[in-house]
Amino acid sequence: MKKEYPFVPYTKETYSDEEMIKRSRSFYEWADKRRSVREFSSKPVPREVIENIVATASTAPSGAHKQPWTFCLVSNKELKSKLRKLAEEEERTSYDGRMSEEWLKDLEPLGTDWVKEFIDVAPWIVVVMKKAYDLDEEGNRKNNYYVSESVGLASGFLLMAIHHAGLVALTHTPSPMNFIAKALERPENERPFLLIPVGFPADEVTVPDLKRKPLDEVIEYYD
Ligand code: IYR
């Protein structure tokens, strides 16, 4: 392996098989408690919590370590209302004809509709932006690689950090999303990826009674 740039020692704590089995099991059981929530409390969440969560997301691996993401953290009430209004305009058109019958049927068990009250109610809206390319100080384009994969990974890390902080989130995908870049006045190299309300769940919140696929439906072994 060619190592022309500086490398530093890396120490990783390791465990016995028995300990690994215990740890991986309890991590799974904890991860399995994460649910997408659509009803939020307006109870505030400290800025430092959101910053720590984003710091975790930004540790995700990315193509050529370019970290091709920006996390826009919206707590401003007027801006949240504006995002809600614009999202609902798009969503109403989607639910009223842009989405196929099959798609609407698939969504029925989730109880979604075009009303996106959570954008107003949740104390923070994290808008994950993906950077199609970077711009250097002189405005020259610099390539990014595997941008969707990288930003998808960072978003997964973000959701786990939210869960770990004792908060809930929803991965919302208003479509099309161009309105978000405009409302947030983002530079032209950034594209909206996900809109994620973050906060405490509303009192007595309910979630759809979903079952996750058993392992034999998601694993193929090649021993
Ligand atoms: N973007 C719409 C519709 C929607 C689509 C899928 I796929 C979902 O899993 C959930 C919702 C909305 O946010 O309502």
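1. In this predicted model, the ligand is surrounded by a set of residues that includes Arg38, Glu91, Tyr95, Met99, Trp103 and Leu107, together with Leu110, Asp113, Lys116, His172 and Thr173.

2. Several of these residues also make polar approaches to the ligand through their side chains. An N or O atom in the side chain of Tyr95 is placed 2.5 Å from an oxygen atom of the ligand, and a polar side-chain atom of Lys116 likewise lies 2.5 Å from a ligand oxygen atom, while for Glu91 the distance from a side-chain N or O atom to an oxygen atom of the ligand is 3.0 Å. The ligand taken alone exposes 370 Å², of which the protein buries 71%.

3. Turning to the sheet, the model has an open arrangement of 4 strands in the order β1-β2-β6-β5, and the pairing is antiparallel. Because β1 (69-74) and β5 (168-169) stand at the edges and each has a single partner strand, one side of each is left without a neighbour in the sheet.

4. Strand β2, which spans residues 124-131, runs antiparallel to strand β6, which spans residues 190-199, and the two are joined by 8 bridges. Across this pairing, Lys130 stands opposite Arg191 in β6. As background, strands of a sheet pair through backbone hydrogen bonds, in either a parallel or an antiparallel manner.

5. A helix should be considered alongside the sheet: α2, made up of residues 47-57, lies across β1, β2 and β6, and runs at about 165 degrees to β1.

Definitions and conventions:
Residues are numbered from 1 along each chain as its sequence is written. This is a predicted model: local features need pLDDT of at least 70, side-chain atom pairs count only at pLDDT 80 or more; totals for chains, interfaces and linings use all residues. Side-chain values use heavy atoms; hydrogens and water are left out. Two strands pair if DSSP finds at least two bridges between them. Contact means heavy atoms within 4.5 Å. Axes are lines fitted to C-alpha atoms, for helices over the stretch in contact, and angles run from 0 to 180 degrees between N-to-C directions. A residue is near a molecule or strand if one of its heavy atoms lies within 4 Å of it. A polar contact is a pair of N or O atoms within 3.5 Å; within protein, one must be able to donate a hydrogen and the other to accept it, and residues adjacent in sequence count only if both atoms are side-chain atoms. Accessible areas come from the Shrake-Rupley method with a 1.4 Å probe; for residues, only the protein chains shown count as cover.
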